[in-house]
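Reader: I have a structure to look at, and I would like to understand it step by step. Can we go through it with short questions?

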Amino acid sequence: MILAGEVKSGTVGQPWLVFLHGFSGDAAEWQPVGEQLSAMPRLYLDLPGHGGSADIAVADFAQVDALLRATLISYNILDYWLVGYSLGGRIAMYHACQGPKGLRGLIVEGAHPGLSHPDERHQRRVSDAGWAERFRHEPLPEVFADWYQQPVFASLTAGQRQQLIALRSKNNGRTLAAMLQATSLAEQPDLRPGLSQPAFPFYYLFGERDNKFAHIAGELAATCFAIPHAGHNAHRDNPAAVTARLCQILRLPVKETL
């Protein structure tokens, strides 16, 4: 079972919001947004290798999904929306493709549906193996200083990079490395076919400065929203705009306007 960093109650009869964070994040990552949606019960999870679940190891997406299902059952969550960012969004999409009972809808932010070419998978496997080796053996501030120089994070300011480096360096490098390789894009199936005709509402959010995922959004059978003044981590860059979009999607009173 994946450990919950926080569980919050809401109005009786409302479906749950289950939040999944990105790589090197934790259950607190979504709380600034989630706490504005207080009409709905909310579950913030620590993914394997992270936070309170740091000692939980998995071998692949199927094992992550099995843990997620066990966690939902343990909280008697039978009616829920999944909200996932980056790695959490990939896990959410994988889960949705397994046809789970009780899934009310899917909200994904800046997450890749999968690689379709063997050469791309090989390149990603080699790249992630290199990063994993660094996470295992080098000081995390040094690794994250290079991690946040990757093109997907190009919109970050120097100050934002330093904040993220300090925050993410609190992790356990060994367990991050294991999760990075177990849930690498090289190991993830291409989820586009499974999401091509979803039996549930499917929404995709991306930062307007995140060109890579703006392009990916156009490949998906999802209702897509660009988040203004935001890069790859849109809910961190502009939590008010993401909150407003979630309120619109979930038909809750909008507390902030775009």
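Author: One definition comes first: two strands pair if DSSP finds at least two bridges between them. Keep in mind that this is a predicted model.

Reader: Which residue in strand 4 stands opposite Val18?

Author: Strand 2 pairs with strand 4, residues 80-85, in the parallel sense. The pairing runs over 5 bridges. Opposite Val18, in strand 4, stands Leu82.

Reader: Which residue in strand 3 is the bridge partner of Leu17?

Author: Strand 2 also pairs with strand 3, residues 42-45. This pairing is parallel too, over 4 bridges. The partner of Leu17 there is Arg42.

Reader: Is strand 2 largely enclosed or exposed, and how many of its residues are buried?

Author: In a regular strand, side chains alternate between the two faces of the sheet. In strand 2, Trp16, Val18 and Leu20 are buried on one side, and Leu17 and Phe19 on the other. Strand 2 is therefore largely enclosed by the rest of the structure, and the count of buried residues is 5 of the 5.

Reader: How do helix 4 and helix 5 run relative to each other, roughly parallel or roughly antiparallel?

Author: Helix 4 covers residues 118-137 and helix 5 residues 140-147. Their axes lie 8 Å apart, at an angle of about 150°. Angles over 145 degrees count as roughly antiparallel, so the answer for helix 4 and helix 5 is roughly antiparallel.

Reader: How many residues of the contact of helix 4 with helix 5 are charged?

Author: Trp131, Arg134 and Phe135 in helix 4 meet a set in helix 5 that includes Leu140, Glu142 and Asp146. The contact has 6 nonpolar residues and no polar ones. The number of charged residues is 3.

Key
Residues are numbered from 1 along each chain as its sequence is written. This is a predicted model: local features need pLDDT of at least 70, side-chain atom pairs count only at pLDDT 80 or more; totals for chains, interfaces and linings use all residues. Side-chain values use heavy atoms; hydrogens and water are left out. Buried means under 20% relative accessible area, exposed over 50%, partly exposed in between (1.4 Å probe, protein chains only). Helices (H or I, at least four residues) and strands (E, at least two) are DSSP runs, numbered from the N terminus. Axes are lines fitted to C-alpha atoms, for helices over the stretch in contact, and angles run from 0 to 180 degrees between N-to-C directions. Angles under 35 degrees count as roughly parallel, over 145 as roughly antiparallel, 65 to 115 as roughly perpendicular and the rest as oblique. Contact means heavy atoms within 4.5 Å. Ala, Val, Leu, Ile, Met, Phe, Trp, Tyr, Cys and Pro count as nonpolar, Asp, Glu, Lys and Arg as charged, and the others, Gly among them, as polar.
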